[in-house]
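Colleague: Got a minute to go through this one with me? I'd like to talk about how the chains meet.

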Number of protein chains: 2
Amino acid sequence: MKQLSPVNQHCGIARSLEVLGERWTLLVVRDVRLGVTRFRDIRERLGIAPDMLADRLAKLVDLGVLERRGYREEGARAREEYVLTPAGEELAPVLVALQAWGDRHLPNGLTPGSRTVDASTGEPVHVGFVDAAGQELGLDRLRVERVPAEDVPAA
Amino acid sequence: MKQLSPVNQHCGIARSLEVLGERWTLLVVRDVRLGVTRFRDIRERLGIAPDMLADRLAKLVDLGVLERRGYREEGARAREEYVLTPAGEELAPVLVALQAWGDRHLPNGLTPGSRTVDASTGEPVHVGFVDAAGQELGLDRLRVERVPAEDVPAA
């Protein structure tokens, strides 16, 4: 990732956005997470051009976020679907945090298309900051610290 | 947001990425969150062209994520800096979830440039899923449910 500025090389946000920071990429991950695993179904949901979707899927496979899995419906030829890898599963907090922000700050009156719940109770869960003991902390309880790096000029 | 497909209109992720899903946009929010509030300092950290940074800052102000605030250093003319609005503060879980994912799945051997801590103890915090009682739930405790909408074709 030589194209990142010195500061950005130290930043996991920058490195993540370098590979995920394009609208379609995370929406493909969203759809696969929702169980929409086949090319045609993803394409129809996103309204994306086939060549662009093929490009994003290949990129996500290369990145280790999705993997291809063969399936065959009776009487049809073998096809491939896409499933999340463990690294893909771990994008869940990113997706759900984006969903919550959009529902709160960009409302459009429509019902959300999915929700994430506690599997044992069916109750909704949300994304938040948690301390080492597993207790949620509000935004007003946090402090952000910059960590100086010797190879980066202070700004 | 007429350009979104019917499925995506229901999706807070899609609406958020429509306005934030471009690499520089979230990196600008990151920098302001870290206290880098002045145009020249942000530009130097990001290595971004001035006209592109001006465009992203204007967009974030229009969106209600940043606001401009005047300041004047002794003997200098009045200038503007940028601060987070409450909606901007609420992007913290998105940013820290992206940071954690990048540090874990896109490591490059460099130290992270910032960390988010419990302001009262200085101990690190992380982003996770939390139930209504404020208790963290692991990814293996979750279920994702699709919510059918009458105006969207099932895929």
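**How the two copies meet**

Modeller: Sure. The copies meet through the same surface, because 100% of the interface residues of chain B are also interface residues in chain A; contact here means heavy atoms within 4.5 Å. Bear in mind that this is a predicted model, where local features need pLDDT of at least 70, side-chain atom pairs count only at pLDDT 80 or more, and totals for chains, interfaces and linings use all residues. Residues are numbered from 1 along each chain as its sequence is written, chains are lettered from A and ligands numbered from 1 in the order written, and side-chain values use heavy atoms, leaving out hydrogens and water.

Colleague: How many residues does each chain put into the contact?

Modeller: Chain A gives 88 residues and chain B gives 88 residues.

Colleague: And what area is buried between them?

Modeller: About 8,200 Å², with carbon and sulfur atoms giving 60% of that. Buried area is the accessible area (1.4 Å probe) that two parts lose on being put together, summed over both. On the chain B side, Ile13(B), Trp101(B) and Phe129(B) lose the most area to chain A, together 9% of what that side buries.

Colleague: OK, charges. How many salt bridges are there between chain B and chain A?

Modeller: Ten, counting a side-chain nitrogen of Lys or Arg within 4 Å of a carboxyl oxygen of Asp or Glu. One of them pairs Arg115(B) with Glu145(A), with the closest N and O atoms 2.8 Å apart.

Colleague: Which helix of chain B gives the largest share of the side that touches chain A?

Modeller: Helix 7 of chain B (residues 92-105), with 13 residues. Helices (H or I, at least four residues) and strands (E, at least two) are DSSP runs, numbered from the N terminus.

Colleague: Switching to strands: which ones does strand 4 of chain A join?

Modeller: Strand 4 of chain A (residues 126-130) is joined to strand 4 of chain B (residues 126-130) by five bridges, running antiparallel. There, His126(A) stands opposite Val130(B). The order in that open, antiparallel sheet of four strands is 5(A)-4(A)-4(B)-5(B); strands pair if DSSP finds at least two bridges between them.

Colleague: What does strand 6 of chain A join?

Modeller: Strand 6 of chain A (residues 142-146) is linked to strand 3 of chain B (residues 114-118) by five bridges, also antiparallel. In that pairing, Arg146(A) has Ser114(B) as its bridge partner.
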